[in-house]
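Student: I should like a close look at the aromatic contacts of one chain in this model. Please describe them in one connected account.

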Amino acid sequence: MLEIRNLHVAIEDGSKKILNGLDLTIHNGEVAAIMGPNGSGKSTLSYVIAGKPDYEILDGEILLDGENLLEMEADARAAAGVFLAFQYPLEIAGVATMTFLKAAMNAQSRARGEGELKTPDFMRRVKLGAEKLGIPQEMLRRGLNVGFSGGEKKRMEILQMALLEPSIGILDETDSGLDIDALKIVSEGVNALRSADRSFLVITHYQRLLNYIVPDTVHVMSKGRIVKTGGKELALELEANGYADYVSDVAA
Amino acid sequence: MVAVKETVEQVKELDVDQYKYGFSTDLEVDKAPKGLSEDIVRFISAKKGEPDWMLEWRLDAYRRWLTMVEPDWARVHYPKIDFNDSYYYAAPKKNAAPKTLDEVDPAILDAYKKLGIPLREQEILAGVQTSKVAVDAVFDSVSVVTTFKEELKKAGVIFCSISEAIKEHPELVRKYLGSVVPVTDNYYATLNCAVFTDGSFVYIPEGVRCPMELSTYFRINEKNTGQFERTLIIAEKGSYVSYLEGCTAPQRDENQLHAAVVELVTMDDAEIKYSTVQNWYPGDADGKGGIYNFVTKRGDCRGANSKISWTQVETGSAITWKYPSCILRGDNSRGEFYSIAVSNGMQQVDSGTKMIHLGKNTTSRIISKGISAGRSQNTYRGQVSAHRKATNARNFTNCDSLLIGEQCGAHTVPYLESKNASAVFEHEATTSKISEEQMFYCRQRGLSAEEATALIVNGFVKDVLQQLPMEFAVEAQKLISISLEGSVG
Ligand SMILES: Nc1ncnc2c1ncn2[C@@H]1O[C@H](COP(=O)(O)OP(=O)(O)OP(=O)(O)O)[C@@H](O)[C@H]1O
Ligand SMILES: [Mg+2]
């Protein structure tokens, strides 16, 4: 279970406050969707949960299964089960995707007290996962995300999520940049990972994604706070009416 | 080098400070009086029992050196060196001239063992490596032992210390010494000619493929002592040799000078592959101490279709001034330079190569990867030139810099010069940085800051590491990550 209480966050130099008393609880097995206008702080929230160093936490707490995430480094949070599919995945030249996946999976199994993965096991798991997401084998030999199209990068994020088996997967606008077929494939990939002890936080601007990944709860974010929470029908309503009802001054 | 696994483990065990080879060995030593003069040159020559022609050669170099000035064009800064404040000869006293390994001072064998270089042949054979490597171990000013000599002799290969070669093979030494790097080539090279103390000599006869890797392991142990090594490798027609060079020094507060000269000669269809892992003590984080590494390395592709390939992994030294070069004299000859230069702390690196195309259809390839961290400065300086007769000369240069942190610098200084219209030079250069975004991305996937840096750096240097012999590559990779420890987070 992920519990966020009264979270206040500013960017590191203190020049700008982004999250303003945010409360959010996601239960095990739950898929929560967050929607909200550009600049409302959705990506910032995902970064703060994952432990990006550029922010100053002014107040509040983030607990994952009772553990205080804010006291941990980013890699320790990953080991504790946090996975973030980036809105803009990073390119790492010279590091073959396969090499990166192996390093990440080994780090994960080490953190779980399991031994290093045997190469054949690793290869089999990657191959299987890649096939499901329509990622050609050839891509795994290329530098991580280097020259990948926008959609290919997003698929690669989901492949990593599938391989690392997190307890909470945060998807930041994974649907943007995906063509219609890819949207289906990626959604199926996510749905296949749904389980009673794994939860998801899905950040999106479009209700369409939520037709494929059907959320249990939908939250509206504005100016760094959750201003409305409802069921999946809330997304439909937002699609029809925009944020005006929940956000007093959207344009600002 | 030999027992890689062992070495890697030892390196891990010695994990107290960033530099893992900083220990020193207590030994009784035979030293020249401090300072530099004709008498010192005579002293060294006498200690080595050299013939007159060698002494004359040295004295001539010394007199010329007195008239020369230190070069100042490199992007390195250091206080003026007082050449009279150093010792030019230091040799372990016990068994000054050991005939067999059993006569070598056990303290020295221990020192090499600690460095991961077992010198006893049975230990080498018992090591994890299946391939054999013959080692010439140079401790301060003298070669203490050369392994697998007998076996090499059967193949006709001469592998011994240069001191021994001067006495045993004077006709070869006289013919080739100074024929690639002339006595007055440059300030440090000329100094080396006057006071060089030891180094390796390799002669591969016509048509012979050297049956094992050869290597020299240089260790500076004594305080205030310069090391002036001299290496000469000759590959006759159609022969091949792969040669490795490694080096370390204890951690000391004062700067020590290392001014080596390496000369390579390849005749028709011959090939020399020369690899270096340079890990002299780099000084502490504030730039105190460390080796001044002023080195002249040059290969002469004298014969047609010959090839010389330099691969260097430079992680040590306070200052590195080093440009392993190729003179492409023979038609169709080829020169290669693969380099990884890592600088951290206050280290200064000014390194690169020269590819001098003289013959027709000569080709050269330069791949340089510079990694700067801390407050270090890392300069690639490379010259490619084509002579009037060098029809169809071809060069490809790729020069990449990676910056870690905000306070370091990377610089690229290419000199291109073509006097033949048919010559084609290609030059690519990039500078990149390990961004905080990349770091966060990696750490989000569970990698520690060190693992993430190592992963990115390994990706960056991959092309060059592939050029090293397998056992060396593993060690080099390890060394690079050790050198960069503390550069992140
Ligand atoms: N490092 C930073 N420096 C300055 N401003 C920042 C920084 N990071 C975020 N911001 C600002 O904080 C606000 C929230 O940004 P964030 O990326 O979290 O929004 P978002 O809800 O994800 O928007 P979008 O829907 O466009 O992705 C924006 O106004 C953004 O410009
Ligand atoms: Mg965003």
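Tutor: The following account concerns the aromatic rings of chain B and the charged groups placed over one of them.

This is a predicted model, in which local features need pLDDT of at least 70 and side-chain atom pairs count only at pLDDT 80 or more, whereas totals for chains, interfaces and linings use all residues. Residues are numbered from 1 along each chain as its sequence is written, chains are lettered from A and ligands numbered from 1 in the order in which they are written, and side-chain values use heavy atoms, with hydrogens and water left out.

Over all chains, the structure holds 24 aromatic pairs. Rings of Phe, Tyr and Trp (for Trp, the six-membered ring) pair if their centres lie within 6.5 Å; planes under 30 degrees apart count as stacked, over 60 as edge-to-face and the rest as tilted. One of these pairs joins B:Tyr78 to B:Tyr292 in a tilted arrangement, at 5.3 Å centre to centre and with 50° between the planes. B:Tyr78 belongs to the loop between α3 (52-66) and β2 (90-92) of chain B, while B:Tyr292 belongs to strand β13 (residues 290-301) of chain B, so the pair ties together parts that are 214 residues apart in sequence. Helices (H or I, at least four residues) and strands (E, at least two) are here DSSP runs, numbered from the N terminus.

The two partners also have their own accessibility values. B:Tyr78 is partly exposed, with a relative accessible area of 21%, and B:Tyr292 is buried, with a value of 8%. Buried means under 20% relative accessible area, exposed over 50%, and partly exposed in between (1.4 Å probe, protein chains only).

A further pair, B:Tyr187 with B:Tyr188, is edge-to-face, at 5.6 Å centre to centre and with 85° between the planes. Both B:Tyr187 and B:Tyr188 are buried. These two pairs have a wider setting: ring pairs link B:Tyr62, B:Trp65, B:Trp73, B:Tyr78, B:Phe83, B:Tyr187, B:Tyr188, B:Tyr292, B:Phe294, B:Trp321 and B:Tyr323 into a cluster.

There remain the charged groups. B:Arg58 lies over the face of B:Phe196, at 4.1 Å from the ring centre. The charged end of B:Arg230 also sits over the ring of B:Phe196, 5.9 Å from its centre. A charge sits over a ring if NZ of Lys or CZ of Arg is within 6 Å of the ring centre and within 35 degrees of the ring normal.
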